[in-house]
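Subject: Handing over a structure, with notes on what was found

Dear colleague,

I am passing on to you the structure shown below, together with an account of what was found in it. Please have it open while you read, as the notes move from one part to another.

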Amino acid sequence: MKLELGRCLLMDRLEEAQMTLQQLAHHLLLRPERLIDLAENKRIMSLKTALSIADTIGCEVRELYETLPSPHLPPLDQNNLL
């Protein structure tokens with residue numbers, strides 16, 4: 001099933017990890033402004049960045065964004081699967 005990315009959950013995951021955005025930026029050698037852009041959905045994080053963030057704060061990559069079913073797909077017709 002195709003998924004759409006919803007809201008970035010970075011700030012929620014940071015709170016759970018008891019880490020500040022500045023601390024994460026320091027660990028990843030990134031500017032805090034770049035992480036703010038990700039958290040505010042101004043930019044979509046690359047897979048490399050998502051993997052680094054997830055590894056650093058101890059979560060799964062999929063936990064960094066809400067995921068929504070794509071509204072552009074027709075309903076699945078179970079009769080055509082056979």
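To begin with one pair of helices in this predicted model, helix 2 and helix 4 pack with their axes 11 Å apart and at an angle of about 115°. Since angles of 65 to 115 degrees count as roughly perpendicular, the two helices, helix 2 and helix 4, are therefore described as roughly perpendicular to each other. Their crossing, that of helix 2 and helix 4, is right-handed. On the side of helix 2 the residues that meet the partner are Leu24, His27 and Leu28, and on the side of helix 4 they are Ser52, Ile53, Thr56 and Ile57. Sorted by class, this contact of helix 2 with helix 4 has 4 nonpolar and 3 polar residues, and no charged ones.

It may help to place this pair within the chain. The chain has 82 residues, of which 28% are buried, and its secondary structure comes to 4 helices and 2 strands. Read from the N terminus on, the elements follow the order β-α-α-α-α-β. If one takes the contacts between residues at least 6 apart in sequence, 63% of them join residues at least 24 apart.

A second pair involves helix 2 again. Helix 2, residues 21–28, packs with helix 3, residues 32–39, at an angle of about 120°, and the axes of the two are 9 Å apart. Because 65 to 115 degrees is the range for roughly perpendicular and over 145 the range for roughly antiparallel, an angle of about 120° makes helix 2 oblique to helix 3. The crossing of helix 2 and helix 3 is right-handed. Helix 2 brings Leu21, Leu24 and Ala25 to this contact, while helix 3 brings Pro32, Leu35 and Ile36. In terms of class, the contact of helix 2 with helix 3 is made up of 6 nonpolar residues, with no polar and no charged ones.

Which residues does leucine 24 touch, once its neighbours within four places in sequence are left aside? They are Leu10, Leu14, Met19, Leu35, Ile53, Thr56 and Ile57. Leucine 24 lies in helix 2, and because its relative accessibility is 0%, where buried means under 20%, leucine 24 counts as buried. One of its contacts is worth following through space, for leucine 24 and isoleucine 53 are 29 residues apart in sequence and yet 7.7 Å apart from C-alpha to C-alpha.

Two neighbouring residues of helix 4 can be taken together. Threonine 49 has its place in helix 4, and at a relative accessible area of 9% threonine 49 is buried. Apart from neighbours within four places in sequence, threonine 49 is in contact with Arg34 and Leu38. Alanine 50 is also found in helix 4, which covers residues 47–57, and with a relative accessible area of 6% alanine 50 is buried too. With neighbours within four places in sequence again left out, alanine 50 is in contact with Met45, Val61 and Leu64. Between alanine 50 and arginine 62, which are 12 residues apart in sequence, the distance from C-alpha to C-alpha is 8.9 Å.

Turning to the loops, are the residues there with positive phi values, glutamine 18 and leucine 29, buried or exposed? Glutamine 18, in the loop between helix 1 (10–16) and helix 2, is exposed, with a relative accessible area of 75%. Its phi, that of glutamine 18, is near 55°, a positive value in a residue other than glycine. Leucine 29 is found in the loop between helix 2 and helix 3, and at 76% relative accessibility leucine 29 counts as exposed. Although leucine 29 is not a glycine, it has a positive phi of about 55°.

Finally, a word on cysteines. Cysteine 8 counts as buried at 4% relative accessibility, and cysteine 59 is buried with a relative accessible area of 16%. A disulfide is a covalent bond between the sulfur atoms of two cysteines. How many disulfides does a search of the whole structure find? The search finds 0.

With best wishes

How values were computed. Residues numbered from 1 in each chain as written. Predicted model: local features only at pLDDT ≥ 70, side-chain atom pairs only at ≥ 80, totals over all residues. Heavy atoms only, no water. Disulfide = S-S within 2.5 Å. Buried < 20%, exposed > 50% of the residue type's maximum accessible area, 1.4 Å probe, protein only. Axes fitted to C-alpha atoms, helices over the stretch in contact; angles between N-to-C directions. Parallel < 35°, antiparallel > 145°, perpendicular 65-115°, else oblique. Left-handed = near helix turned anticlockwise from the far one by under 90°. Contact = heavy atoms within 4.5 Å. Nonpolar A, V, L, I, M, F, W, Y, C, P; charged D, E, K, R; others polar.
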